[in-house]
Amino acid sequence: MPVNFPFSAIVGQDEMKLALLIAAIDQSVGGVLVFGDRGTGKSTTVRALAALLPPMPVVAACRFNCAPGTGCTHTAHDAASTAPVPVVDLPLGATEDRVVGALDLERALVHGEKAFEPGLLARAHRGFLYIDEVNLLEDHLVDLLLDVAASGENVVEREGLSVRHAAKFVLVGTGNPEEGELRPQLLDRFGMSVEVRTPEDLKTRIEVVRRRDDFERNPAAFIARFSEDEARLRAHIVAARERVPGIRASDHALERAAHLCAEVGTDGLRGELTLVRAARALAALEGASDIEDAHLRRVAPMALRHRLRRTPLSSPDSGARVDRAVADLFGGSGERLVI
Amino acid sequence: MSAAPDSTELKWRDACLAAAMLAVAPHAIGGVMLRARAGPVRDAWLSHLNALLAEGMPLRRMPVNAGDDRLFGGLDLAATLAQGRPVAERGLFAEVDGGILVVPSAERLDAGRTARLVRTLDYGRIEMERDGLSAKLRARFGVIALDEGVDEDESAPGALRDRLAIWLTLDGLSLRDTGIAPDWPRRVAAARTLFPQTTAGENLATLFCEAAAALGIVSIRAPILALTVARIAAALDGRTEATTTDAEIAARLVLGPRATRLPAQDTPEDLEENEPQRDDAEDLRDNDTPEQVITPEEMELVLAAAAAAIPKEILAKLASQKLNGRAPPSTGKAGATQASRMRGRPAGVRRGEPRNGNVLSLIETLRTAAPMQQIRRRLRGGPYLLPDGRHRIEIRSDDFRISRFKQKTTSTTIFVVDASGSSALHRLAEAKGAVEIILSECYVRRDHVALIAFRGTTAETLLPPTRSLTRAHRSLAALPGGGGTPLANAIESAVQLAATQKQKGISPTVVLLTDGKANIARDGKPGRKQALADARDAAAGLRALGINALLIDTSPRRNAEAEELATAMAARYMPLPHADSARLSDAVFQARRDQDERGGSRSRS
């Protein structure tokens, strides 16, 4: 089993890390889309998430990741247990039957039984579904994913099987814009979007190279070195999750969010909703009791940059437009928050 | 430039060293990009490498047309049918675990296969989710990308090159130069055990990062890979700590070939002036100086080694600053490689007979048949047994399922933009505006776009067919104006491009934006009369190929020359002053519908 590079050992890329943490704190914020240059640690960061997340309670023998007490009918014994939060990779070249699930071929051929073999969507339930090179994904799979992501339910009607099961997951996609744009429909499904760049600062680059080298030489020791940081971050996530429902969104904050969305011209209400939810998760992460301007400010670019009504030819870095609107609304400079 | 690095002897020695490194730790260095024509020298290098491989280290070739079932594995149909239960087959990536995968014609690798390959390289394992099977298999291997690209625009995909530590070229070597030192196998074997405990000196990471910055290398994988290569160099030398000597080797093999500029002579502050990248690229300048753990001498040594390894053609370009106007050479060539996927992508299955070129989907057929087995056995009054007593699967023609491939009628819109002086500058701006309107339609329809511009005496393909509008936008914005109007050349370029697109099963549409005032003949000589005649000739070629075209007249008023040209190429004609956005896109897509109809009847006849 290969080991993953620890999340807390990733140098820089703060926005990407924050977006993933927000998604981990509050799944309802929606997925994360990471677009950027080659070699910026996109995949590494997403995969690192798996080890970071606190385990979740599940029905022990359920192959659909049901939570205890939700009336799971997939298994006779409903002994509760815990399991790691799934971060499921959707590999390029995956066939449709493995994504949605299909007739269990072995049992059908050998025993003549009609049984459903759950697919990746079942495995990703209550966790993350990760698509690397999301812009290269085959169109018929994209359609399928959009459908499930929208409904939170996977309906399989094939080979005489009729199965439906819950499939609520956070969609995480990474890609390189040079390899082609993403379909607008898919773009809109992602709650947050982040643009990553190769670190420019020499010190940062040196640290990246050092850590990568250390990790490759002795992964076990490297992971041990960061285990304390990982544990601390994990505790932060757990605490933040508990705090989220109690975070107040004042009229002032809601008004600010609405203003911001009107200013940059986003379509529909999804932008505002995501903005407020993401700001709430950030407030929870930082131990605040209210959504403050600083929180909105920090999450505005990632919540809005992919929702701007723009011609497809406007500069790919539409983050700048959000930044300008933020600066106009909140004043020139604000304190930069650090977690 | 010192003469030494060009000497064939050193070149071959480096090549041997690269082979040894690959044989020591294939996965750690990602692999080798070998830019060389097929021939005895390349064969000699490959057989040298082969001799260095340890027992049981696989060396496999990736078939050029390998599909997902071959790469990742899937259901072994013969075994499944014979045994009556699913049997998995290992794919190439899993088979080559621990060894080396040779990728021939890497310059022609398409985006899909590239993504599969680099993902496997990154992750060191494959996750097979296919045909009802699910498995995680180790797949840690190194890659030899055989790049036979002729000119520099033709090279292996950037995403792959970025991950391969060593970039090697064997040009200029002949079989005579390929002597091999006898002690390599022994050194490689020793290094293999030594490498895991080999460390790199504290300062090497800093050294490589600084050197990369000085050479204009943006990717952070370069210094990481250089560090690994330095460690292997030390291990090959029988040491457990990499030093400056090893750093020199790494700089030569890893950093030099990636350089996009020459190192500045002085302090890092001067670097910015030579910055070859444009506004959107990274600015590598760094204001806070890192801790001084490296001495200037070390830096100089490493930079000199790297600089000596900068390929000659890049050097020439650097000298003439030609690199300035272009995107960094690491840019992917996604556009050019998309085509092979267009033959149709799997889009589910349906019931049907495997004839008329339909492909039977065995997996789905088995699936359909599976639930019926018991009933069929019962109806038969007993199982249909194989000689050895096992059940045979009974399949009826009703069970047949055929794969559906969606042959999307992909289109490429080829813009041919007149950037000559006669299309005075403000007209050019309007033409750009028109192109952008059509581009946004193309975006919605996920079409490919290509851009040809003509001015002076030639037409140039600024953008090969791509779906990346970011790139289209960039090349359009950077398009300068002025000079003659080589209309004939421009139309001919468009015809060529359109013809190749057609061969790939993509329907091209040519959108020509010009005022029709040709004044440069086909041979590059000025003269309106000849130029016009040549342009009409070329236009007739477009017509003969049945390519769908639209001519947007950019002159201030309707103009007879342009209109005649449109007739000659059977194009729709539209004067720009009347071209608002709705009309423009209507015109383009109406023209395309005509084409689809025509194309349809043509293929039947």
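Buried means under 20% relative accessible area, exposed means over 50%, and partly exposed is what falls in between. I keep this at the top because B:Ile395, at 35% relative accessibility, counts as partly exposed by it. The model I am reading is predicted.

**Entry 1: surface patch on chain B.** I looked up where B:Ile395 sits and found it in the loop between helix H17 (373–380) and strand E14 (401–406) of chain B. Together with B:Leu81 and B:Leu362, B:Ile395 forms a nonpolar patch on the surface. I noted about 200 Å² of accessible area for the three together.

**Entry 2: chain B overall.** I counted 23 helices and 20 strands in chain B. Of its 605 residues, 55% count as buried. The accessible surface of chain B comes to about 25700 Å², and carbon and sulfur atoms hold 51% of that. I also checked contacts between residues at least 6 apart in the sequence of chain B: 77% of them join residues at least 24 apart.

**Entry 3: helix H10 of chain B.** I went through residues 202–214 and found 12 of the 13 buried. Among them are B:Leu204, B:Leu207, B:Phe208, B:Cys209 and B:Glu210. After H10(B) comes B:Gly216, with a positive phi near 70 degrees.

**Entry 4: positive phi without glycine.** I noted A:Asn65, with a positive phi of about 55 degrees. A:Asn65 lies in the loop between strand E2 (56–59) and strand E3 (80–83) of chain A. At 15% relative accessibility, A:Asn65 counts as buried. B:Ser105 is not a glycine either, and has a positive phi of about 45 degrees. I placed B:Ser105 in the loop between strand E5 (100–103) and helix H7 (111–123) of chain B.

**Entry 5: aromatic rings.** I found 7 aromatic pairs over all chains. In one of the pairs, A:Phe5 and A:Phe215 meet edge-to-face, 5.0 Å centre to centre with 75 degrees between the planes. A:Phe5 is in the segment before helix H1 (14–25) of chain A and A:Phe215 in helix H8 (residues 202–217), 210 residues apart. The relative accessible area is 9% for A:Phe5 and 7% for A:Phe215. The rings of A:Phe5 and A:Phe222 have centres 5.2 Å apart and planes at 35 degrees, so I logged this pair as tilted. A:Phe222 is in helix H9 (residues 219–225) of chain A, so the pair ties together parts 217 residues apart in sequence. I entered A:Phe5, A:Phe215, A:Phe222 and A:Phe226 as one aromatic cluster.

**Entry 6: arginines over rings.** I found A:Arg47 over the face of B:Tyr123, 3.7 Å from the ring centre. B:Arg187 lies over the face of B:Trp184, at 4.4 Å from the ring centre.

Technical notes:
Residues are numbered from 1 along each chain as its sequence is written. Chains are lettered from A and ligands numbered from 1 in the order in which they are written. This is a predicted model: local features need pLDDT of at least 70, side-chain atom pairs count only at pLDDT 80 or more; totals for chains, interfaces and linings use all residues. Side-chain values use heavy atoms; hydrogens and water are left out. Patches are made of residues with over 30% relative accessible area and no salt bridge: like charges are joined within 9 Å, nonpolar side chains (Val, Leu, Ile, Met, Phe, Trp, Tyr) within 5 Å. Accessible areas come from the Shrake-Rupley method with a 1.4 Å probe; for residues, only the protein chains shown count as cover. A salt bridge is a side-chain nitrogen of Lys or Arg within 4 Å of a carboxyl oxygen of Asp or Glu. Helices (H or I, at least four residues) and strands (E, at least two) are DSSP runs, numbered from the N terminus. Buried means under 20% relative accessible area, exposed over 50%, partly exposed in between (1.4 Å probe, protein chains only). Contact means heavy atoms within 4.5 Å. Rings of Phe, Tyr and Trp (its six-membered ring) pair if their centres lie within 6.5 Å; planes under 30 degrees apart count as stacked, over 60 as edge-to-face and the rest as tilted. A charge sits over a ring if NZ of Lys or CZ of Arg is within 6 Å of the ring centre and within 35 degrees of the ring normal.
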